[in-house]
There are 2 protein chains.
Amino acid sequence: MVAQSKATQGGESLLFLTDEQLRKGIEAMFFAYRAFTADPDRILENHEYGRAHHRAIHFINRQPGLTVNALLSTLGVTKQSLNRVLRTLVDDGLVEARVGRRDKRERNLFLTEKGAMLERELSDAQRARMRAAYRAAGPAAVAGFRQVLEAMMDPDIRRQYQAIKDGAA
Amino acid sequence: MVAQSKATQGGESLLFLTDEQLRKGIEAMFFAYRAFTADPDRILENHEYGRAHHRAIHFINRQPGLTVNALLSTLGVTKQSLNRVLRTLVDDGLVEARVGRRDKRERNLFLTEKGAMLERELSDAQRARMRAAYRAAGPAAVAGFRQVLEAMMDPDIRRQYQAIKDGAA
DNA sequence: ATTTTATGTCAGCGATGTTGACTTTCCAAG
DNA sequence: CTTGGAAAGTCAACATCGCTGACATAAAAT
């Protein structure tokens, strides 16, 4: 039996890798991720959209003008799967797909005003929860949180994640 | 609502709550969770099971003898949804559902030897990634990681999560 | 001129979530 | 003892969102 709750500071750098500690981390990821998606999910219900629509909207908002292929590889789904989602968003007037200037095969994706409104509604809810968690845990905990999450990612994805700098507004 | 511009700066304890910082945290959750589930998902493919089976197996292993109702509320799904998964696990001989001793309406769930084998295979893979991330980030980061995740959970779930003590083998 | 790339689309399948309705079993309270 | 309700199981229908495979079109690249 390992006592840990409040005592993971200091120098016990050998204790924290027990299977029980790892199990706690695994369950923390499960429960926290469910909470993390709960608020947007509630909003999306009213709009007849799902989590996949949210993800597409998020990344189009982050990088306006990105191509379908780029979005595809960021989301890690097939083009058929993304296309189903993207089509409804375009049809409903939330996303605009402009033919590429240089390469006319490409489609550059942008949020319309309507799309940007939904994006704000979704990310406001998600940020509110994240902000509350950050405040409750404090700056040092936040740094550790990000470090562990980054270390958990696959290397290619981590590079993609880090490529978009923090101030990239 | 909108950006907490740098006007609200005063010390570095306020800086970390900009919308950009929060967005990074949100994306870190998304990418890390995908990595987190990737290894078990690969294993499950070979067994014709899905992520839902993994979750059921995990929690039955953690609390042998727990009832269907308890598992239901831990997983946060409907009994119909869980039942479909549970039935295949029982039929395939991975899970045993014993009639409750005190209350015969209840079913106490246990992993069989075969079920325990799959559980080990799955959790070994997941723990390996978690262990690597913990090692890379260091003990202080791990503490912060857990703190933020716990703060993100809904209060009821957090209590449920914390109720199972670290040494609960 | 041919090949490759980017995108879109159709069809079908599988896992996993949902609601609603109904049954059986059995504990517990009137 | 009877009755109400809790625990569990089941059937049907549906939605989202992954997947594969096949095929079409346009445009860039060779």
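How many nonpolar, polar and charged residues does the surface near DNA strand D have? In this predicted model, where local features need pLDDT of at least 70, side-chain atom pairs count only at pLDDT 80 or more and totals for chains, interfaces and linings use all residues, side-chain values use heavy atoms, with hydrogens and water left out. Residues are numbered from 1 along each chain as its sequence is written, while chains are lettered from A and ligands numbered from 1 in the order in which they are written.

The surface near DNA strand D (a heavy atom within 4 Å of the strand) has three nonpolar, ten polar and 13 charged residues, where Asp, Glu, Lys and Arg count as charged, Ala, Val, Leu, Ile, Met, Phe, Trp, Tyr, Cys and Pro as nonpolar, and the others, Gly among them, as polar. Of the 26 residues around the strand, Gly50(A), Arg51(A), Arg55(A), Arg84(A) and Lys79(B) come nearest, and sugar and phosphate account for 59% of the atoms of DNA strand D that come within 4 Å of the protein. A backbone N or O atom of Ala52(A) lies 2.9 Å from a phosphate oxygen of the strand, and for Val68(B) the corresponding distance is 3.3 Å.

The two protein chains also meet each other, in a contact (heavy atoms within 4.5 Å) that takes 62 residues from chain B and 66 residues from chain A. Across this interface the rule finds eight salt bridges, each a side-chain nitrogen of Lys or Arg within 4 Å of a carboxyl oxygen of Asp or Glu; Asp19(A) and Arg127(B) meet in a salt bridge at 3.5 Å, N to O.

Methods:
Polar contact = N/O pair within 3.5 Å; in protein donor to acceptor, adjacent residues only side chain to side chain.
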